[in-house]
Amino acid sequence: MSDPPHIFAIAEGAYQGMNLSGVNQSILITGESGAGKTENTKKVISYFATICSSGKRKEGEASLEDKIVQTNPILEAWGNAKTVCNDNSSRFGKFIRIHFNQAGKLSGADMVVYLLEKSRLTYQQPLERCYHAFYNIMSDFVPDLKEKCLLSDNILDYWFVSQGKITVPSINDKEDMAFADEAFDILGFTEEEKYNCFKNTAVMMHMGNFTKDFVPVGKEEQAEIKDDVNANKVATLCGIDCEWMVTYFCKPKLKVGTEWVQKGSSCTGASGSVAGIAR
């Protein structure tokens, strides 16, 4: 009975095939949930980063190899979640291209991400959890982050991300936040860009509470908001006018012929629109 092929042997075979034939090579990593697709992908990337290092780096800047490897903590934070079968399941597919120069050294990389499971953002099964990033933000690793994101200290205040599990024994959210925060710095994100990523994540949490603020008014049960606290938080973090935003959720414009007309929304319709934008 032979042993299965080693992941480094597969990576080395593809690398040698590229060098000898000058033809692009592909490695397809598949399997059921929990089989190890994400971990093996990280090992392939790390292998290429180690054996194909260009050795070049600008003073005070991370090397290209480090930047390629450091995409993983960020991708996992915003794309991985706990499922029934796997505590760190990738909920998206990715096609990674790693570029080499004529000497066989790393020259760059790019990635296409597709089929992200957006429904998980607004609903989770009782034994599952939303994407790790929401719980990383609440871990208090960055002292002023929750204040800047207008968040409270309790994840249960945000129902979009607390319908299932809120903690996972095998995952340290504070440690994962440290890895993601460091990865942003290594990848060259400015402080403002980094905080904007976190704020955009927090917006979705506030939008969940915003969906519950609509009340029916009048005979036609036109949707209006009873309290604009959550709406203001969403608008502030998005950098838009709150009144304008609420108007477009409650009275969206439709094009009829050549003219635009306003149409009143029900509470269900307005809440659905908010959830749709959140996803």
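User: In which element is Asp110 found, and why is Asp110 called partly exposed?

Analyst: In this predicted model, Asp110 is found in strand S4, residues 106–114. Its relative accessible area is 27%. A residue is buried under 20% and exposed over 50%, with partly exposed in between. Asp110 is therefore classed as partly exposed.

User: How do you know that Asp110 has contacts beyond its sequence neighbours, and which residues does Asp110 touch?

Analyst: Residues up to four places away in sequence are not counted, and Asp110 touches Phe95, Ile96, Arg97 and His99. Contact here requires heavy atoms within 4.5 Å. A separate C-alpha to C-alpha distance links Asp110 with Ile68: the two are 42 residues apart in sequence and 8.9 Å apart in space.

User: Where is Ser33 placed, and what makes Ser33 partly exposed?

Analyst: Ser33 lies in the loop between H1 and H2. Its relative accessibility is 36%. Since partly exposed covers the range between the 20% and 50% limits, Ser33 therefore belongs to that class. Leaving aside neighbours within four places in sequence, Ser33 is in contact with Thr83, Cys85, Asn86 and Ser89. One of these partners, Cys85, is 52 residues from Ser33 in sequence, while their C-alpha atoms are 6.7 Å apart.

User: Why is Gln25 called partly exposed, and which residues does Gln25 touch?

Analyst: Gln25 is also placed in the loop between helix H1 (7–21) and H2. At 39% relative accessibility, Gln25 falls between the 20% and 50% limits and therefore counts as partly exposed. With residues up to four places away in sequence not counted, Gln25 touches Ala14, Gly17 and Met18. The C-alpha atoms of Gln25 and Gly13 are 9.4 Å apart, for a sequence separation of 12 residues.

User: What makes the backbone of Asp140 notable, and is Asp140 buried or partly exposed?

Analyst: Asp140 has a positive phi of about 70 degrees although it is not a glycine. Asp140 sits in the loop between helix H5 (132–137) and helix H6 (145–148). Its relative accessible area of 43% is between the 20% and 50% limits, so Asp140 is partly exposed. Glu221 is not a glycine either, and its phi is positive at about 50 degrees. Glu221 is placed in the loop between strand S5 (214–217) and strand S6 (222–225).

User: Which residues of H4 are buried, and what covers them?

Analyst: The buried residues in H4 are Asn72, Ile74, Glu76, Ala77 and Gly79. That label requires a relative accessible area under 20%. Their cover includes helix H2 (37–51), helix H3 (64–69), strand S1 (80–81), strand S2 (89–90), H5 and H7.

User: Why is H4 called oblique to H7?

Analyst: The axes of helix H4 (residues 71–79) and helix H7 (residues 173–186) come within 8 Å and cross at roughly 130 degrees. The perpendicular range is 65 to 115 degrees, and roughly antiparallel begins over 145. The crossing angle fits neither class, nor is it under 35 degrees, so H4 is oblique to H7. The crossing is left-handed.

User: What makes up the contact of H4 with H7?

Analyst: Pro73, Ile74 and Trp78 in H4 meet Phe179, Ala180, Ala183 and Phe184 in H7. These residues divide into 7 nonpolar, no polar and no charged. Ala, Ile, Phe, Trp and Pro are among the residue types counted as nonpolar.

User: Why are H9 and H10 called roughly perpendicular?

Analyst: Helix H9 (residues 229–238) and helix H10 (residues 242–250) pack at about 115 degrees, with axes 9 Å apart. The perpendicular class runs from 65 to 115 degrees, and H9 and H10 are therefore roughly perpendicular. Their crossing is right-handed. Ala231, Asn232, Val234 and Ala235 in H9 meet Cys242, Met245 and Val246 in H10. The contact residues divide into 6 nonpolar, 1 polar and no charged.

User: How many helices and strands does the chain have, and what percentage of its residues count as buried?

Analyst: The protein chain has 11 helices and 8 strands. Of its 279 residues, 38% count as buried. Among contacts with a separation of 6 or more, 61% come from residues 24 or more positions apart. The accessible surface is about 16,000 Å², with 52% belonging to carbon and sulfur atoms.

Notes: Residues numbered from 1 in each chain as written. Predicted model: local features only at pLDDT ≥ 70, side-chain atom pairs only at ≥ 80, totals over all residues. Heavy atoms only, no water. Axes fitted to C-alpha atoms, helices over the stretch in contact; angles between N-to-C directions. Helix = DSSP H or I, 4+ residues; strand = E, 2+ residues; numbered from the N terminus. Left-handed = near helix turned anticlockwise from the far one by under 90°. Buried < 20%, exposed > 50% of the residue type's maximum accessible area, 1.4 Å probe, protein only. Areas by Shrake-Rupley, 256 points an atom, 1.4 Å probe, with all protein chains shown as cover.
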